[in-house]
Amino acid sequence: MAELTTKTRPTGATAVLARHGFPQVTSATGGEIQIVTGPSQPGFNPIDLLYASLSACLTMSARIAANQMGLLDQLTEIRADVTGEKSTEGLSRVVKFNVVLTIRGDIHAEARHAIAQAAEEEICTVSNTLRGGADFSMTVHD
């Protein structure tokens with residue numbers, strides 16, 4: 001597989017939460033999103049954002065893989081539906097990610113599987129991070 005070249009951009013996010021209400025999250029590039037937690041409220045909660053990050057990364061990574069395999073012209077759409085299963089014991093965490101990757105276009109099944117595998121196992125930073133057990137460093141200020 002061809003070596004990837006990446007363009008860097010500022011990354012990161014800051015969440016601010018007052019005594020009442022919901023967190024307001026701002027990205028390092030100025031994007032904003034309001035977090036919701038009520039089950040009937042439209043919008044994203046923190047777990048939705050985790051699934052959204054994985055789904056977006058997988059679709060972009062699959063497009064990169066299709067391009068590297070010379071199949072981009074045959075591609076019409078990539079869709080990643082991501083859900084998960086939370087632990088019922090111990091720490092509150094997602095223990096399983098369920099991904100349905102749909103690759104539409106004039107691409108045979110073997111190539112679709114190769115695209116999916118490259119996206120998930122080689123290209124997608126989010127899936128690689130979730131699988132890799134990243135370390136955390138936290139500083140607390142007053």
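**Exercise 1. The surroundings of T76**

Task: In this predicted model, determine which residues T76 touches, leaving out residues up to four places away in sequence.

Solution.
Step 1. Locate the residue: T76 belongs to strand β4.
Step 2. List its partners. Once residues up to four places away in sequence are set aside, T76 touches R104 and G105.
Step 3. Consider D106 as well. T76 and D106 are 30 residues apart along the chain, and their C-alpha atoms are separated by 8.1 Å.
Step 4. Classify the accessibility. The relative accessible area of T76 is 63%. A residue counts as exposed when this value is over 50%, so T76 is exposed.

**Exercise 2. The overall plan of the chain**

Task: State how many helices and strands the protein chain has, and in what order the elements run.

Solution.
Step 1. Count the elements: the chain has three helices and five strands.
Step 2. Read them from the N terminus, which gives the order β-β-β-α-β-β-α-α.
Step 3. Describe the extent. Along the principal axes, the C-alpha atoms fill a box of roughly 55 × 35 × 30 Å.
Step 4. Describe the burial and the contacts. Of the 142 residues, 19% count as buried. Among contacts with a separation of 6 or more, 40% are between residues 24 or more positions apart.

**Exercise 3. The disulfide**

Task: Identify which residues the disulfide joins, and explain which parts of the chain are thereby tied together.

Solution.
Step 1. Count the disulfides: the model has one disulfide.
Step 2. Name the pair. C57 is joined to C124, with an S to S distance of 2.5 Å.
Step 3. Place both cysteines. C57 lies in helix α1 (residues 46–68), whereas C124 lies in the loop between α2 (109–123) and α3 (125–132), so the disulfide ties together parts that are 67 residues apart in sequence.
Step 4. Check the accessibility. Buried means under 20% relative accessible area. C57, at 10%, therefore counts as buried, and C124, at 0%, is buried also.
Step 5. Add a residue that touches C124. S61 is found in helix α1 and is buried, with a relative accessible area of 3%. Leaving aside neighbours within four places in sequence, S61 is in contact with A119, I123 and C124.

**Exercise 4. The two sides of helix α2**

Task: Decide which residues of α2 are buried, and explain where they lie around the helix axis.

Solution.
Step 1. Check the length of the helix. The 15 residues of α2 should span 21 Å at 1.5 Å a residue, and the end C-alpha atoms are 20 Å apart, which agrees.
Step 2. List the buried residues of α2: A111, I115, A118, A119 and I123.
Step 3. Look down the axis. The buried residues of α2 fall within an arc of 100°, so they line one face of the helix.
Step 4. Recall the geometry: an α-helix has 3.6 residues a turn, so residues three or four places apart point the same way.
Step 5. Inspect the other side of α2, where E110 and H113 are exposed.
Step 6. Identify the cover. The elements over the buried residues of α2 include α1, β5 (94–105) and α3.

**Exercise 5. The nonpolar cores**

Task: Find which element gives the most residues to the largest nonpolar core.

Solution.
Step 1. Describe the core. The largest nonpolar core has 13 residues, of which L71, L75, I107 and I115 touch the most other members.
Step 2. Name the elements that give two or more residues to this core: α1, β4 (75–86) and α2.
Step 3. Compare the contributions: α2 gives the most, with five residues.
Step 4. Examine one member. Apart from neighbours within four places in sequence, I115 is in contact with A62, A65, A66, M69, L71, I103 and I107.
Step 5. Note another core, which lies apart from the largest one and has eight residues, among them Y51, L54, A80 and V94.

**Exercise 6. The aromatic pair**

Task: Determine which residues form the aromatic pair and how their rings are arranged.

Solution.
Step 1. Count the pairs: there is one aromatic pair.
Step 2. State the geometry. Y51 and F97 lie 6.1 Å centre to centre, with 90° between the planes. An angle over 60 degrees counts as edge-to-face, and the pair is accordingly edge-to-face.
Step 3. Place the residues. Y51 is in helix α1 and F97 in strand β5, 46 residues apart, and the pair thus links distant parts of the chain.
Step 4. Compare the accessibility. Y51, at 12%, counts as buried, whereas F97, at 27%, counts as partly exposed.

How values were computed
Residues numbered from 1 in each chain as written. Predicted model: local features only at pLDDT ≥ 70, side-chain atom pairs only at ≥ 80, totals over all residues. Heavy atoms only, no water. Disulfide = S-S within 2.5 Å. Helix = DSSP H or I, 4+ residues; strand = E, 2+ residues; numbered from the N terminus. Buried < 20%, exposed > 50% of the residue type's maximum accessible area, 1.4 Å probe, protein only. Expected span 1.5 Å × (residues − 1). Arc of directions from axis to C-beta. Contact = heavy atoms within 4.5 Å. Phe/Tyr/Trp six-rings, centres within 6.5 Å; stacked < 30°, edge-to-face > 60°. Core = buried A, V, L, I, M, F, W, Y, C linked by side-chain atoms within 4.5 Å.
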